[in-house]
Every structure is written in structure tokens, then in C-alpha cells.
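Trainee: I would like a close look at one part of this model. Please start there and then work outward to the chain contacts.

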Amino acid sequence: QDKLTILGSVPSLGFPFFVHMLNQIKAEAQAQGVNLVESDGQNSAPKQTADIEAALVQKVNAIVISPLDVNALAPAIEQAVQAGVPVVTIDRRVDGVEGILAHVGADNVKGGEAEAQAMVAAFPNGAKIFHLQGQPGAGPAIDRNKGVHNVLDPMKDKYQIIFEQTANFARAEALSVTEAGLAANGKPDAIICANDDMALGAVEACAARNFTDVKIYGFDALPEALVAVRDGKLAGTVEQFPGEQSRTAVQIAVAYARDKTEPKEKLVLLTPVVIGKDNLDKAERLGETK
Amino acid sequence: MTSTTEQSERGGINVARLLMSFGPLMFLALLIVVFTVLKPSFIDPINIFNIMRQISITGLIALGMTFVILTAGIDLSVGSLLAFCGMVAAVVAKGGTANTLSLSTFGAQGYGWFAALLAAVVVGALAGGVQGFAITRLKVPPFVVTLGGLTVFRGLTLTISNGGPISGFDASMRWFGTGLIGPVPVPAIIFAAAAILCHIALRYTRYGRAVYAVGGNAEAARLSGLRVDRILISVYVIVGFFAGLAAFVLSARLNSSEAVAGIGYELTVISAVVIGGTSLFGGIGSVGGTVVGAALIGVLQNGLQFNNVSSYTQSIVIGLILILAVAFDRWLKSRVRR
Amino acid sequence: MTSTTEQSERGGINVARLLMSFGPLMFLALLIVVFTVLKPSFIDPINIFNIMRQISITGLIALGMTFVILTAGIDLSVGSLLAFCGMVAAVVAKGGTANTLSLSTFGAQGYGWFAALLAAVVVGALAGGVQGFAITRLKVPPFVVTLGGLTVFRGLTLTISNGGPISGFDASMRWFGTGLIGPVPVPAIIFAAAAILCHIALRYTRYGRAVYAVGGNAEAARLSGLRVDRILISVYVIVGFFAGLAAFVLSARLNSSEAVAGIGYELTVISAVVIGGTSLFGGIGSVGGTVVGAALIGVLQNGLQFNNVSSYTQSIVIGLILILAVAFDRWLKSRVRR
Amino acid sequence: MPTAEAAAPSPSPALLAVEGVTKRFAGVTALNDVSLEVRPGEILGLLGENGAGKSTLLKILSGVMPPSSGRIVFDGVEFNPHNPQDAKRLGIVTIYQELSLIPTLTVAENIFIGRAPLGRFGLVSWRKMEEDSRAIIARVGLDLDPATPVSALSVAEQQLVEIARALSLKSRLIIMDEPTSALTETEVQKLMSIMGRLRKDGVAIMFVTHRLEEASAICDRMTVLRDGRLAGHLDRDKGPSGGPIKLPKIIEKMVGRAASELYARPTLRDVAGDVRLSVRGLRTVRDPQAPHAIVLEGVDLDLKAGEILGVAGLVGSGRTELARAIFGADRIAAGTITLDGKTIAPETPADAIALGIGLVPEDRKHQAIFAALGILTNFSIAALGRYSNGLGFMAERRERQALASYRKALSIRMASPEQPIEGLSGGNQQKVILARWLARDPKVLIVDEPTRGVDVGAKAEVHQILVQLAGRGIAIMMISSELPEVLAVSDRIVTMRRGRITGEMPGIEATEEKLMELMALDQTQEATQ
Ligand SMILES: Nc1ncnc2c1ncn2[C@@H]1O[C@H](COP(=O)(O)OP(=O)(O)OP(=O)(O)O)[C@@H](O)[C@H]1O
Ligand SMILES: Nc1ncnc2c1ncn2[C@@H]1O[C@H](COP(=O)(O)OP(=O)(O)OP(=O)(O)O)[C@@H](O)[C@H]1O
Ligand SMILES: [Mg+2]
Ligand SMILES: [Mg+2]
């Protein structure tokens, strides 16, 4: 019989986080001895939908996907399910579609909560906070923002968000936005960022003003951020184990496609962990740092 | 020689000559052949219909954009306007501005698909009209007005939906995005019908000829007694209308209206128009060209994806082929024409 | 009346008259006043220098874009080219194409800042030259060529870096992004110097005259003995050069070259130029206008962030003010001129 | 003065009455208290020097711009047009000085702009539109495929199309601003006879031209403007013969002093110069974008230093093609060009200019001026090297001085060197373009319709300048559709027809009749080929 073929689709290869995810999918597919059709959603729900449609025409045996948007990708995923192709979702969970084989993920809302809790733990007596949000309207931006507010809103008097702006997940924008925030409000105690790129931009802005004791939190645990955590430039970053998620998802998908092996659990949830200086070893990509 | 090409320009159909005289079409044919050779399943009807469905969204907007660019204008706001109209349609369809994330396909309490469609196209046309008004009355160049529109409509969309999507429409609405008539996807039929109407409007009505005249030389058109301002406003209304229609179809297809929908569409849409031979300086171009331009982009994306070309390489290849397709067209024109 | 406006056009400095005659400048002044009243710390030198540093990146590219638009061209590839040049600079600075992610500021084994700078600007200029060549020789419109460039350069950048950033430069390189000369940030100084040079080149040299002439009427320019093709190629080389320079400064400032840098910059850059009064149809415009346009955008963004205006509202306000600034300019001109 | 003349009893009530109209632009008063009237069935000539305000007045009448003050009465009703459509609705049809065709559209569409004939389902019938336009352009003697885009037409053809369009509209008043500036005798004759017919039908015509013979031949009355003011009205002689208005009278009114002779016949100058430019067997390539364009079919020509060579021919005879081929603006298929004995092969105008050849093109608007740029830039653009230093910086002081001296020498009317050239009257624009080439001091200067739209006074100045330049040893080739001009200035004349040279004679031996014969020959026979 021919080799199995699976589709691996991620929201956008413009972000290192998803590059890593796809690389892990690739590696696991190789290990499992299956062909992989790669798909880059290019930050566009119609594009990711189109990729799924193209894959269905090519009769892939299974789909492993991290959906750009859980709502907008639902029809495409439903179409795949109806075509009898097993689907495993990674990272973001698509509700409302019956028959998804499994979901492997670490919820972004939970990640946002973890990030805020880490900050709260560092400042038990309250803090003045800057919050850099992701691209307005984008799924992870919404979820992470929600997580942060879930934790901080009930403690509004102690933990004041004095400056809250989007920096579109981009380092350059985070730098200039933080600069403006610092000029307008002076030094905060902590800066919570919705991804590592923005956190690293905020680091540069603080460094330029010699505000080296501001505690800055990132998200995604990219190797570069891990180095920054090790060097004390970042206070922490949220690890969601994208590699483990991806590999697990591929294993589940391939097992089912081979011989209808049902997964042991339909819902594999990895708890997000805030990586600080003391638990660096928990970080998935520590090995990539030098 | 003169008479033959003129004939084909005037609508006489002669496939070989058409191919020969219009570079992008030839390129399109070539791409289809190449992709089919590489993977025969490329021309499976299913895949062809997929492609048609995929290009229908940007294609619809590109039809409207053809009018605008024919007048030497430009509309950068279409992507944002699409998101805005989509959100409006969702609010109407679901009957509230609540940021409901529910996927319940049945619990809709809104005003139904027709009201949603109407709301989308009316809001789109109005928004286009306002921009057209700013262009003609305030004398601000279209680039600036619609760039402003790009950020304003995005901001409004995010404000309405508070950043999140509005999802879960009833089946009658979803049919416009996912339904089939016979084997043909509904969005493709909507696109084809709209393209034919636009072709007739531009080629066979006084209004259409006035659009060309204004683009060819606005001052001369004014001196010839055309109401240039009204015509200019009308093309922005048209592109707004199509942005609204595309928004409705997209929302129906994705079963969701997203605040981030349509980001960067302006460039895809304008590319389709320009690759189709419409001049950014106005007065020259056709709906047929735009359809070919949209198809070229759609086939290229689908075909590369089909062959599992890495996404980075895809970017490089698409960029180069777009340039080559147009270069080839210029070369053909410099040699063959008449 | 005639003589007075002419005087100011010739460069005679008369602040009141300048303000009165150039809408965007007046708007800029107004915005600064408003933001200062809202929060006096807005005009703290720290913040002013922040703004200067922030606009320096897109501002540098906008200088080059002014040349391009003066010839009635356009360059959509600048954002991608910025990312590409930045990545090249990073590779040279760090001495390898390895996707090294180390932040170690000291362990650099590369070729130093000078080589990185040189590589960035040479690659930028070359890339611009290739695009200019395609525009003049293959007769493909600038919009199409540079749209192709937009996707090609992005694909190349992602390929080089495999999607990730390359970070951690030595202090001598970082100085270009973060250093100060006296109290003034180095990027701001680079931008100011470049603006003055460009102003001189356009206003006081043969080359500048030729650029205006080609944009004003390419056919008449050709019949007047100008080598139109060479001039066209040269403006794309210039904008490419500036994209390279901006890339170097940005990488130095962020201590990192990212594959996703510069997305959407083309619109910001072109806005700065167009708001500054340069006509997209060529032949009309100035470097001074571009600087004001860039400053207007920068002040607006910073001022709104400064007042912690929600990002949704920011979009709406920025869009409206850009349109108003230009509308006001047109209105002033229509009154003063006649 | 006007009042005295207005006192004369009018034969019929005026169709149009202009009463005290004034128009001010920034710094310029283009029209100052001008009054005139036009009656049905009358051809009124509107004359005046360049910049006198003729076009401004006509633009006001056709709704392009409002007057600053004054009153217009049309058909007994006060008339305040807000846009060209208002005027059109009343039956006022205008042919503008700067051609107002839409280059990207076909001839047929331009003729039927805004009123395309409709066929089935109310859709535009292209067939009918093209058939009808073929008939319409035939009236002015044009035989073209109506599906040709206007951008592929020569200036003369465009002018004819515009005239044809105007004539095809239902009109009570036709306003023509220099309709004949690019036409040759034959077409002018045709237009004159059409105007005569319209007059019989009771249509009123206002007619602007700088060709005074033409005006004198056709106009019933004339109104003359000078510096934006009314200089006076002239009537056809009232004698039994009703003789035309005499040129000296017109000129005196226009320039405000007694007229000297208009075209001085050249004295037989001793042109002993060597052959400077020599063309042998020149053929050009057919341009795929303009398939019906004339190509040169083997042209032999010699041009001596210090000589003015007149080139006469009908519209479409290939004179412009010859000029462009020598200048490197069009591709050459075969043939050689030698300059001072050396074979040259200019591939671009830049090459030709570097070799010392200059060309004043016929289509001022599209090929010569930079409309939005200042006069200074327009002036020096072909001689940037001369007005810049080794580092490439402009030597603005020298540049301005040079412009100032040409401004004086050519009496260019302008406000300042920074003024955009589009604000100048047509004639003054032409003078700036001439100055552009004079500033380069070329060895060979080709001028294509050098006095198109230039007033009599300035025309004489231009002719003088050409003679002076020739006197300095420059070889001049002058293409002109105005035979009197060719006869007046040329030391030698060649005629062209269908891409070939058909004859040659010394200037003093030539007459209009002789030239016409060589230019025209068997036109009809060739057209049917
Ligand atoms: N739009 C304008 N702005 C400023 N000045 C103008 C404008 N149009 C015309 N003028 C000025 O008005 C005066 C009259 O110009 P007009 O074009 O009416 O002259 P004309 O009699 O038609 O000359 P010509 O015979 O050269 O065509 C000129 O001095 C001209 O510079
Ligand atoms: N730039 C051009 N592009 C396309 N066709 C042209 C162009 N110039 C001239 N033609 C065509 O070439 C033919 C010859 O025109 P040309 O201008 O050479 O004649 P001419 O002898 O100079 O007479 P005139 O200048 O009075 O028209 C015309 O039929 C015209 O359609
Ligand atoms: Mg005039
Ligand atoms: Mg000619």
C-alpha cells in the first residue's frame, strides 16, 4: 500500500511560534513514515479553508491543524469530517463540530491567566502594569487578553493596568508603543505582553531608559525569550509546549489513519507553565538556545 | 490584420486569437496545463469548483474595483469595508451586537439572511458613497480618502464586535457560502453573474462608456458635458456594494464574521484588476481582464498548494509569475497587436 | 498675492505663511498643541525624541519613495525589502546564515557593523535596480513589479531565516539604533541628514530637475533628451537604498532582524509622501512635504498612545485626521491660489 | 469706442450678448469689461494677440469657468452656466483650443460621448455608432476607421475629429477656439465651406484664429481684444461687393499700431554653407500601436548649414515622421543619416541632442510642455548641462538670467519664472519651448509647426528668430502647414506626400499653387488602394 499522507496546517508561518509547530509536525511525520502536505494559513481564514479544500481533493488520510480562528475554520473542518477524514486540532479547539478525532492543546485563555498570575505572585502588594495586546481581532490575541483580564479585573485596586495598547504582536511596534507608555506614565512595575516578540521589544524600550528592574512577561517561550529569561531581561514567558502538542497530534492522527486506532483521550490538555529563571529546564526549546 | 483583432476586441470569440493577444489568459491556460501534468487531479471538477469558490470573494470586489480603477481612482479600504459589512451582516442576521461566540446553528433570533444581505450591501454602498463624496467635494485624492477609510472601517468593525468574531448563522444564510446549484458552488455562480452584469454595464451602457471617458481624461470628459463628479461617486458606491456582497458571501462561507477579515485584500484585489490589463492611470481595461487576473492568482495559489510547495517558495514563485504574466502581455501587445 | 506665495515656494522662510499655505503643517502644529494641552509631558524632550526615532524608519523609506512617486511610479515592495535587507545585514553582522538565536551581545563573530550596513544598502539598491529594470525594460507597470517584489522579498527573507528572527548584535552596531549624539537619537540624526540631502538633490541638482520632468511628462522628457529609463531605474535604486538603510537602523534599534518586519509599511510610507502633498500622478511634490507627512503620522500615533486611547478608537481617529489634513490643504490651496 | 460702434443698427437681435465681462486670475486680469454680441447666421471673428483673453472669454461662455463680474444674455435670457453641460443644453457647442478628446477612447466614442446610440435592450450599439461616425468624419474629409483609438491620431486628425464632433451636435452657437491651427489648406477650405453652410442655416459661430487671411475670408464681423480689453469691432466692408475686412486694419486693432507687412518675402540670402545634415534612403518601421500611421518610404534630403528648409505637405504626408526619425524618436528601418560628413545613428532623442540636433515637436501639450512645472524648468530642461556645474548642481542665477534674456527677445508674457507653464497662453507656451531649444544652440534645429497658435506679431518674431539662427550657421528644417509661412521663411522648400519627397524648389521661386500641386497630386487614387 502507498504511504499515508497527512495535512499539517498552521495559522501563519510569519510567526516563529508556528514555524516551530510545523517543524515539529514535519519531524514527527517523518518519524512515523508518512507524507506531509504543509499548509500556511497566512493569517487568513479563507486561505486556511482553501488549503483544507485542496487537501481534501488530494485525498489526504488525516488532517492535523492549528486553526487560525475556531469559528471561521469550523465549516472547513466540518467538511473534512463529513468527507471521512480524521481531524486532530492543535492549540485552539473548534467547538460545535461533531466528530473531531481529538484535540491537543493548551488553552490561550489559561495561558493568559497563568501569565497574569505569575505577575501577581511577583508583586503580592499590587503593581502598576502596562499591557501590550496582540493583533486586534486575532484569536490568540483575544484569548490571551481575556485570560489576563480574568485574573486582574477582580483585583483592580491592587493591580492597575495604567497603559493598555496593541502592538500587533510585532517587536518594532512594541518598542515604540512602550516608549510612548514610558514617556506618558513613567516606569511601571510590570509589563505583560501577549507574545515574546512584543516582550523583547518592551525590553529594548526599558533598557533605553535604564528601567532594568521592570518585570516583563512574554508568551510562547521562544528560544530567544528563554535566553532573555536566563539573562534576567524577561521575568517570564508562558510555555504551551507546541512541540509536544504537535507531535502528539500527529501520533494520534496517524494511528487512526493506519488502523482506526481510537485515541486514548479525545482531549489532551497540557497545562501552560510560566517559565522563569528557576524552571528554565521545563522549557521545551531550551536545547535550541546557546 | 487590423480588422481581425478589432473583431476579437469587440467581442467576437476566437479562442486561439484571444489567447495570443492577451498574455494573462495565455499564462492562465499554461498554468492549468502545467499543474494538470504535475498532478492530474488538479482538474478534478471538485478542485476547479474549489478554485472558483476561492476566487469569488476577492473576485467580486475586483469587479467593483475595475470601475474605480477605470476612472484612475483606487480604493484601499475594501478589505476593511469587507470586515465592516460582514460584521453588520452578522449583527443583523443574529439580531444583536452581542459578541456571541456560540456556534449554535439553530438558535438564531435575528432578521434572516435577506435582511443581512441587504444590510451588508447598503452599508457597503453608503460607505463607498461617503468616500466618493470626500474625493469629489473635498478634493482629497482617492488614495488618501480610502487609506483613511481602511483604518476607520477597521476601527469601527473592532468597536462593533469588540474584537471578536460573530459566528453561527442559520442554514439559509450559510447556503450562500457553502451551497451548490447542481455541482456548482453558489459563490461561484454569484461571481459569474456579477461579472456578466458588470461586463454589460461597462461595455454596452452609456454609463459604462462615461466611466471610461472620465478615466481617459477627466477634464475632457467634463468639457464634453459629462457629470464627472457623479460618475466618480458612483464607482465608489459600486465597489462598496461589491465589498458588502463579498462580505455576505464570506460570512456565509465561514459561518462567521471576523473583525480581522479582509486584511491585505486591497492588494490582492488591485492585483487582479491590474494583471487583467486595467491601467492604474484610467481609461483602459475590462471586466474580462479582471476575471482572468483573479483566476490567475487563484489558480497559482491553489496549484502551488496542491503540489505541496513550501509556503516560502510559494511567495517567491507567485511574485515572479505575476510579473512574468504581465511582462509577457506587454511583449505580446508590442508585437502582435494589429 | 502671486509674488508672496512664490517667495515661500522658493524657500524663503516665513513660518506664519508656511503654516498658512501648507495644510498638513498647520495640522501638525495643531495636533502638537492639542496633545500638549491634554498632557503637558507630551512635549518633554524624551517624548519628542521618541517620536523622532519612531518616524525615522518609515521616514527614511518615505524619502526614497518621494523620488519614486515624483516619477509617477510606486514601490509596494519596501516593507518586504526592509525585512530582506535587515536579514542580510543580520547574517553579515553575525557571520552566518545559521538561524542563531543567541542573545549574547558579545560573542559576535561576524563582519561588524560596517559590513552589515554596506550589505543592507547594497542589497537594497540592487533589488531596487532589478525592479527598475523590470519596469523599464519589460514595460511592466511599477505597481505590478513591486507587488511581485513584495511577495518575492518576503519569501526570500523567510527562506533565509527560516521564519525566525536573527538577534543579538554588537554594541557598535546597536549604537545606530539606540545611541545618542548629545540628547538626540542617532536614527533621528540619520533621518534628518538624509532628508536634507534628498531635499538638495531634488531642489538644486540637474538630477532632481530630471526627476520632476520625467514625472511631469515622460514623453516630453524623452524628447528633451533626458534618458528617461535611466532616471526611472535610479529612483528605484534610491528607494531600495533607503529601505536598506532603514533596515539597518531598525535592526540596530531592535537588536534583532525579523522575518516579519515591515509588513504593511508600504502604506504608511506612501501615506507620508502623499499627505505631504506629492501627487501620485508625478511631477509635483517635495521632500519637506514628506517629512511633514511622516511627522504628522508619527505624532498622531504617539499622541493617541500617550493618552492611552483604545486601539479601536485610534484607528478611527487616525483615518479621519489624515483625510481632514489633506482636505484642509486642498481647501487652503484652492483659496490662496486664485 | 465700443459704444460708438454698438450704436450701429443691428440687422437682427443678438443671439448672445456679453456685457461688461471681467475675469481675474491670481495676479492677472485676463478680461477687463468686455462686451460683444453675436447674431444668428453670423460668423464673428474673435481676434487678439496671445494672451489677449480670447480663450478665457470662450471658456466663460461655455460654462468652464464663471466670470468675476459681468453679464451674459443668451437668446434674451440671462445665462449663468455652471458647467459645460448647461451651455450644451442651450445649444452652445465648443471646440476648445487645447484639444479635449479622450485619448483612450475610439474616434467613434469620442464623437458620441455621452450620447451613444442605443440598440436592442437599450444597450449601446457599437455598429451604429461606428457607421454614423464614419459619415460624420467624412464631412470634414477624414477617412479613418472609427474604431481607432484617438491616441493613435496625429494632431491634425484629432483636430478634425473634434470639429466633426462639434458639427454633429445640434447647435445654435458654435464656439471654435483655433480650430485650424494644425490643419493644412485643403482641410481649412473644407471647414470654411461647412461654416458657410451653417451660417445659411442660421447658426451663429464664434471663431478664433491667428491666421488672419482665414479670418478675413470668412468672418462677417470681428471683435478684437487687446490685453484683456475690448480693442474694437470691425465690420465687413459695406460696399456693394461686401469685401472682406483688410488685414492691416485687423492688425492695427490687435497690436495698437500701424501694421507693417505680415510675411516678408525672403531676400535671396547667400546660403553658401556646406551640407550639414544628409539623409539617404530613410525608411521607418511600422508602429504596431499606430498601424495606419505613415511610414517613410525612402527619403533623401540635404540640409545646409545656414539654410532654412521648408517642408510642406498635407496632413499625414509624413513630415512629422521624418523629423522624429532624424531626431531618434522613432525607430529607423533603413537608411543613413550623416551630420557634417559623419554617419550618425541616434537611437534616442538624447543621442540626437548630444550630436547637436534639436526638435520643437508639433504636439505641444503632450510632447513639449511639463504642464505643472514652472517656466524655468520648462525652459532649461534640454540644456541642464549648460546651466549646472560639474557637481551636478543647478546654476540657478545663470539659468534665470538666460530665461530673462529670452523672455525679452521673444517677448514672452509671464508672471514669474516659477509660474506653472500651463497658466500661459498657448502662444507664450510655444515661445518658451522655442527658447528651450535656442538655449542649447543646436547645429540642426527641426521645428514642427513652430507657430501653431502663435499670434501674428509673435509669428513674425519667430520667423525673425529662425532667420537669425540660420544667419548664425544653424541648419533649420521647418515643417509647417501654413503655406504662407513656408513661403515667407524658407530658402528652399521640399514637399512630401505619403512618406516620400515629391518635389524641391528654391524659396523665391515657389508659389502656393506650385507647392499644392506637388503636395496633393492624386490623393483620391491612393486613398482607395
Ligand atoms: N487658469 C489660469 N490661471 C491663471 N492665469 C490664466 C489662466 N488661464 C489664462 N490665464 C491668463 O489669462 C490671460 C489670457 O489667456 P487666454 O488663454 O485667454 O489668451 P488667448 O487670447 O486665448 O491667447 P492665445 O492666442 O495664446 O491662445 C493670459 O495672460 C493667461 O496667462
Ligand atoms: N505619435 C503618433 N502615434 C501614432 N500615430 C501617429 C503619430 N503621429 C502621427 N501619426 C500618424 O501618422 C500619420 C502621419 O502623420 P504626420 O503627423 O506624420 O503627418 P504630417 O505630414 O506631419 O502632417 P500633420 O503633422 O499635419 O498631421 C497620421 O495618419 C497619423 O495618424
Ligand atoms: Mg487661446
Ligand atoms: Mg505633423
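In which helix of chain B is Phe114(B) found?

Mentor: Phe114(B) sits in helix H6 of chain B, residues 112-137. Helices here are DSSP runs (H or I, at least four residues; strands are E, at least two), numbered from the N terminus. Before going on, note that the model is predicted: local features need pLDDT of at least 70, side-chain atom pairs need 80 or more, and totals for chains, interfaces and linings use all residues. Residues count from 1 along each chain as its sequence is written, chains are lettered from A and ligands numbered from 1 in written order, and side-chain values use heavy atoms, without hydrogens or water.

Phe114(B) helps make a nonpolar surface patch with Leu118(B), Val122(B) and Leu126(B). The patch covers about 390 Å². Patch residues have over 30% relative accessible area and no salt bridge; like charges are joined within 9 Å, nonpolar side chains (Val, Leu, Ile, Met, Phe, Trp, Tyr) within 5 Å. Accessible areas come from the Shrake-Rupley method with a 1.4 Å probe, and for residues only the protein chains shown count as cover.

Now the neighbours of chain B. Five pairs of chains are in contact (heavy atoms within 4.5 Å), and chains B and C share the most contacts. Each side gives 39 residues. Chains C and B bury about 3,200 Å² (area lost to a 1.4 Å probe on being put together, summed over both), 83% of it from carbon and sulfur. In chain C, Phe143(C), Tyr312(C) and Ile323(C) lose the most area to chain B, together 19% of what that side buries.

The rule finds zero salt bridges between chains C and B (Lys or Arg side-chain nitrogen within 4 Å of an Asp or Glu carboxyl oxygen). Four residue pairs, both at pLDDT 80 or more, are in polar contact. That term means N or O atoms within 3.5 Å; within protein, one must be able to donate a hydrogen and the other to accept it, and residues adjacent in sequence count only through two side-chain atoms. On the side of chain C, H7 (142-161), H13 (265-275) and H15 (311-336) each give two or more residues. H7(C) gives the most, 13 residues. By class, that side has 26 nonpolar, ten polar and three charged residues. Nonpolar covers Ala, Val, Leu, Ile, Met, Phe, Trp, Tyr, Cys and Pro; charged covers Asp, Glu, Lys and Arg; the others, Gly among them, are polar.

Next, chain A. Here 34 residues of chain B touch 32 of chain A. The buried area is about 2,500 Å², with 52% from carbon and sulfur atoms. Two salt bridges cross this interface. Arg253(B) and Glu53(A) meet in a salt bridge, N to O 2.9 Å. Twelve residue pairs are in polar contact, both at pLDDT 80 or more. Helices H4 (45-70), H12 (228-254), H14 (287-306) and H15 (311-336) of chain B each give two or more residues to the side touching chain A. H4(B) gives the largest share, five residues. That side holds 13 nonpolar, 15 polar and six charged residues.

Finally, the wider assembly. Salt bridges number 51 over all chains. Arg253(C) and Glu179(A) also meet in a salt bridge, 2.9 Å N to O. Arg253(C) lies in H12 (228-254) of chain C and Glu179(A) in H6 (171-185) of chain A, so this pair joins two chains. Chains A and D make no contact; their closest C-alpha atoms lie 37 Å apart.

Key:
Buried area is the accessible area (1.4 Å probe) that two parts lose on being put together, summed over both.
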